Amino acid sequence: MPSSALTAAHPLKDVASSDSALRRFLHGLPGVDAVGLEGRAASLGTRSIKTTAKAYAIDLAISMVDLTTLEGADTPGKVRALGAKAVKPDPTDRTTPSTAAVCVYPDMVAVAKEAVAGSDVKVASVATAFPAGRAALDVKLADVRDAVAAGADEIDMVIDRGAFLSGRYLKVYDEITAVKEACGTSARLKVIFETGELSTYDNIRRASWLGMLAGADFIKTSTGKVAVNATPANTLLMLEAVRDFRAQTGIQVGVKPAGGIRTSKDAIKFLVLVNETAGEDWLDNHWFRFGASSLLNDLLMQRQKLATGRYSGPDYVTVD
C-alpha cells in the first residue's frame with residue numbers, strides 16, 4: 001500500500017467502499033463560504049514583507065519552482081537548456097538555489113534526467129493524456145509507466161473532469177489509485193484538478209479530499225492550459241483541505257498552484273497563504289511547489305535588485 005494511502009485501521013478507510021459512500025462523504029463536507037474565502041485570500045495578500053524576509057521568501061520561492069515547458073514545439077535542446085537553468089538559475093551567483101524540478105512531457109523525461117544529473121533537481125512529467133485527460137485508463141497508465149521507466153521522479157496526472165462533474169466520484173478515485181500504483185515506489189504523484197473547469201469552490205473542496213483519499217502526494221490546481229488557473233482563493237481552499245486532512249489522518253499532502261503566477265509579488269502572496277493557513281510545515285519544496293515557466297525570471301531579477309540596489313539589464317536572465 002502506498003505510504004500516502006489510508007491504513008486499514010483509519011476511520012476514513014471505508015469512505016470509498018462504494019460510489020454512494022464516497023458521494024455521501026464528499027457531499028457531507030462543509031459548504032464553502034465564497035465571500036469569506038475570497039476576503040481572507042485578499043486580506044492575506046496585503047501583508048507587507050520587509051527586506052530581509054523578502055530575500056528569504058524569494059530564495060524559498062526559487063527553490064519551489066517546477067520549471068516547466070509543455071509545448072508541442074519542445075525540443076531536446078530546449079529541455080537541456082531548461083534543465084541547466086533549473087540546476088543553476090543564475091550562473092553568476094552560486095548562492096542562488098536550484099529549482100525544485102523540471103516538468104516536461106513523458107517523451108522528454110530522459111533528456112531532462114540527463115540535463116539535471118548530479119543535482120537535487122527532480123524531473124516531473126505530466127501524464128494521463130495531459131491536459132484533457134480524455135483517454136482510456138490503459139492508455140493513461142501506459143503514459144505513466146513510460147515516464148517512470150524513463151526516470152521521472154514525479155508524475156503530474158489530470159483527473160477525468162467529465163466523470164467528476166457528472167458525480168462519478170468512484171471512477172475518478174479508482175483512476176487515481178491506479179495511477180498511484182503505476183508510479184510504484186520511485187515517483188510521487190501530483191493530482192491536477194483543473195480548478196477553472198470545476199465551476200464552484202464546493203467542487204474544489206470535494207476534489208481535494210477525493211484526491212487525498214485516493215493517495216495523492218500533491219494536489220495541484222491546474223494544467224496552465226485553460227483561462228482560469230491558480231488563484232489565491234482556490235489555493236487557500238486547497239491549503240485548508242491538506243491541513244484538515246492531516247489533522248484527521250496524520251498524512252501530509254503537498255499543494256501545487258500552477259498557471260498564471262508570473263511575478264515575485266504574486267509568489268510571495270502565495271507563501272503568506274501557506275504560512276498562515278497550513279503552517280510552516282508546508283514551507284518547503286517537498287510540500288509546496290509553483291508550476292511556472294516565467295516566474296523564475298522575475299524572481300531572479302528581484303533577487304539581484306535586493307543584492308545590488310538596481311535592476312539588471314534585459315539580458316540578465318534567459319527568456320524561456
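Me: Which residue stands opposite Leu-67 in strand 2?

Reply: In this predicted model, the residue opposite Leu-67 is Val-102 of strand 2. A neighbouring bridge links Thr-68 with Cys-103, also in strand 2.

Me: What makes strand 1 and strand 2 a pair?

Reply: Two strands pair if there are at least two bridges between them. Strand 1 (residues 65–68) and strand 2 (residues 101–104) are joined by three bridges, so the condition of at least two is met. The two strands run parallel.

Me: How do you know that strand 2 pairs with strand 3?

Reply: The test is again at least two bridges, and four join strand 2 to strand 3. These strands also run parallel. In one of the bridges, Ala-101 has Lys-122 of strand 3 as its partner.

Me: What is the order of the strands in the whole sheet?

Reply: The sheet is open, has eight strands and follows the order 7-6-5-4-3-2-1-8, with parallel pairing. From one strand to the next the twist averages 25°.

Me: What makes strand 7 and strand 8 the edge strands?

Reply: Strand 7 (254–256) and strand 8 (290–292) each pair on one side only. They stand at the two ends of the order 7-6-5-4-3-2-1-8.

Me: Which way do the residues of strand 2 point, and are they buried or exposed?

Reply: Ala-101 and Cys-103 point one way, Val-102 and Val-104 the other way, and all are buried. In a regular strand the side chains alternate between the two faces of the sheet.

Me: Why is strand 3 called largely enclosed by the rest of the structure?

Reply: Strand 3 (residues 122–127) has six residues, and five of them are buried, so the strand is described as largely enclosed.

Me: Why is Lys-122 placed in its accessibility class?

Reply: Lys-122 belongs to strand 3 and has a relative accessible area of 38%. Buried requires under 20% and exposed over 50%. The value of 38% lies in between, so Lys-122 is partly exposed. Outside its neighbours within four places in sequence, Lys-122 is in contact with Ala-100, Ala-101, Val-102, Asp-153 and Glu-154.

Me: Why does Thr-128 count as buried or exposed, and what is its phi?

Reply: The relative accessibility of Thr-128 is 0%, and buried means under 20%, so Thr-128 counts as buried. Thr-128 lies in the loop between strand 3 and helix 6. Its phi is positive, about 60°, although Thr-128 is not a glycine. Most residues other than glycine have a negative phi.

Me: Why does Ser-199 fall in its accessibility class?

Reply: Ser-199 has a relative accessibility of 68%. The cut-off for exposed is over 50%, so Ser-199 counts as exposed. Ser-199 sits in the loop between helix 9 (195–198) and helix 10 (201–213), and has a positive phi of about 75° although it is not a glycine.

Me: How do you know that the peptide bond between Phe-130 and Pro-131 is cis?

Reply: Omega of the bond joining Phe-130 and Pro-131 is about 0°. Pro-131 is in the loop between strand 3 and helix 6. Most peptide bonds are trans.

Me: Why are helix 6 and helix 8 classed by direction as they are?

Reply: Helix 6 (residues 137–149) and helix 8 pack at an angle of about 30°, with axes 9 Å apart. Angles under 35 degrees count as roughly parallel, and helix 6 and helix 8 are therefore roughly parallel to each other. Their crossing is right-handed. Residues that meet there include Val-144 and Val-148 in helix 6 and Ala-182 and Cys-183 in helix 8.

Me: Why does the pair of helix 1 and helix 8 get its direction class?

Reply: The axes of helix 1 (residues 19–26) and helix 8 come within 8 Å and cross at roughly 100°. That angle falls in the range 65 to 115, so the two helices are roughly perpendicular to each other. Asp-19, Leu-22, Arg-23 and Leu-26 in helix 1 meet Tyr-169, Leu-170 and Tyr-173 in helix 8.

Me: Which residues touch the most other members of the largest nonpolar core?

Reply: Of the 97 residues in this core, Leu-22, Ile-155, Trp-209, Ile-219, Leu-271, Phe-288 and Phe-290 touch the most other members. Helix 8 (residues 169–183) gives the most to the core, with nine residues. Apart from this core lies another, of seven residues, among them Cys-103, Ala-124, Phe-130 and Val-158.

Terms used. Residues numbered from 1 in each chain as written. Predicted model: local features only at pLDDT ≥ 70, side-chain atom pairs only at ≥ 80, totals over all residues. Heavy atoms only, no water. Axes fitted to C-alpha atoms, helices over the stretch in contact; angles between N-to-C directions. Core = buried A, V, L, I, M, F, W, Y, C linked by side-chain atoms within 4.5 Å. Buried < 20%, exposed > 50% of the residue type's maximum accessible area, 1.4 Å probe, protein only. Parallel < 35°, antiparallel > 145°, perpendicular 65-115°, else oblique. Left-handed = near helix turned anticlockwise from the far one by under 90°. Contact = heavy atoms within 4.5 Å.
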